[in-house]
Amino acid sequence: MKNNKLLNTFALTLLLLPGWALGQRNTIWLDGVRTTTSKGWQGTPNAMRDFYNYDFVDLVSTNSSGSQEYDVILGVRDSDMPTSPTAAMQMEPMLDNRSNVLGIAHDFGGLVLRELANRDNSLSAMILDGVPNQGSSAIKLATYRENPGDNTSAQLILENAQSVQAMQNCDDCNALGIFETWINALSTTSIDAFNQMANGSSQINYLNDNPPPPEIPFAILWGSVEELSLMSLMDSRTSNNPWSTPITSCAAEAMERARKDYETDLEILGLISTVSGFFGRALSAFGEIVGDIAGGETPSPGTVLSAFGDWIVVERSAIIEDIEAQREADQELARILRCELSHQLLASEWQFGLIEYGTVEVGTEEVPLLPEASQALCIQYCQEQFTGFPGLSVFGNCVEDCMDDPPTQTVTVYLPEENDGLLLKSEQMLDGAAFVYHLEEHNHFQETALSGQSSEGTLNHALQELFDGTAGPAFAVPKQ
């Protein structure tokens, strides 16, 4: 072990010498649980080597010995079963006679990498990308049952959304069906990695206690999306291209058709806006609930969740009543609105289900007063601004201003802790990181994919910063 550490130190020193051409750097790229909680690295290593010209070899993809393969199914060490074989133990022979190995991992692969770092001195640095270092509350929602045979919290959330559809055919977009397939895979699979990823698992506790933090330099890449869309999350999970949006686009196109069909009917436009804005109003409702309960201070998550549940029931019932009032006149419109409301409800309840494990913050946000800046709505808005008719010129200017710059209002909103749809920001963090980088507008399944540009906030930029040595020589990879 001592010799390996000396070799690692020597190799890092060489990286700092001007003009020194170091040979290929050994790396290992570890996926999470493919198809369920990670898309894997796929073409990213090849792109970093062939397009960005970094000189490295991936020991995992080039390994030909079946006995040394990376098998995520083996999981990580459990303090209750310390001698059971793990994914890290199986990989150790792959690192024999290696030094200065850079480990790069996503999702559950990061937990495997952390255990490997504790076991083997060949690793000299780690990049942990979207890793449940503190466990995953979303996984707990999908896997935990209070009693055998009970539904998980995620299944109950899904049932609430399905009840809104009320046997309507929403298979054209099938967002709920795809989500159901995913959470059922998480809750019924024999893969123990999901249980190991959950908050409070013995494996998470073991890794964070033995020893915290890792003894080698490590970087944290954490992802988040500003406005969670479960349809977008499912798009990224099921599509070959994690940036494509077939499910999201399908639902958006249906709503847009409805708007065009009723562009002069203010009542229907208002109902369409109410349905499509359900998630946004849920955020606002949380802000109001926080203020009502605690007078502006931050109340306990459980208290907020209980009050929010009551709000959901009332709001959902009122909207469904309005939708049903339109059914006799237009059954297709009622179907589209019920399908969209089910999507909005699912996203809301999933987002706020995470609050039990995260933080509650209060902020302000500027929101439009009108669903859209149409002439009809702006005329109505301007009529409400004057007690009497102000004259054609003044009234015309009001309508024109409204069309050019739609009026807004400042509202108090509940701000859930930033998350990538599967992991809260705090769950991706680990004390002692040499480098922390925010992958902006990256959901969990996009965190291993390069985007079309290398701007700040992308994986492209993060890996270039690390490989170029910006965060220190421990992460540097030479150019070809």
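The following exercises, with worked solutions, concern strand β3, Asp 129 and the nonpolar cores of a predicted model.

Residues are numbered from 1 along each chain as its sequence is written. In this predicted model, local features need pLDDT of at least 70 and side-chain atom pairs count only at pLDDT 80 or more, while totals for chains, interfaces and linings use all residues; side-chain values use heavy atoms, without hydrogens and water.

**Exercise 1.** Determine how strand β3 is placed among its partners.

*Solution.* Step 1: strands are DSSP runs of E of at least two residues, and helices runs of H or I of at least four, numbered from the N terminus. β3 covers residues 101–106.
Step 2: strands pair if DSSP finds at least two bridges between them. Four bridges join β3 to β1 (residues 25–30) in parallel, and six join β3 to β4, also parallel.
Step 3: Thr 27 stands opposite Leu 102, and His 106 opposite Asp 129.
Step 4: six of the six residues of β3 are buried, that is, under 20% relative accessible area with a 1.4 Å probe, protein chains only.

**Exercise 2.** Describe the charge surroundings of Asp 129.

*Solution.* Step 1: Asp 129 lies in β4 (residues 123–129) and is buried.
Step 2: Asp 129 has no salt bridge, a term for a side-chain nitrogen of Lys or Arg within 4 Å of a carboxyl oxygen of Asp or Glu.
Step 3: the nearest side chain of opposite charge, Arg 34, is 13 Å away.

Terms used. Buried means under 20% relative accessible area, exposed over 50%, partly exposed in between (1.4 Å probe, protein chains only). Lys and Arg count as positive and Asp and Glu as negative; His and the chain ends are not counted.
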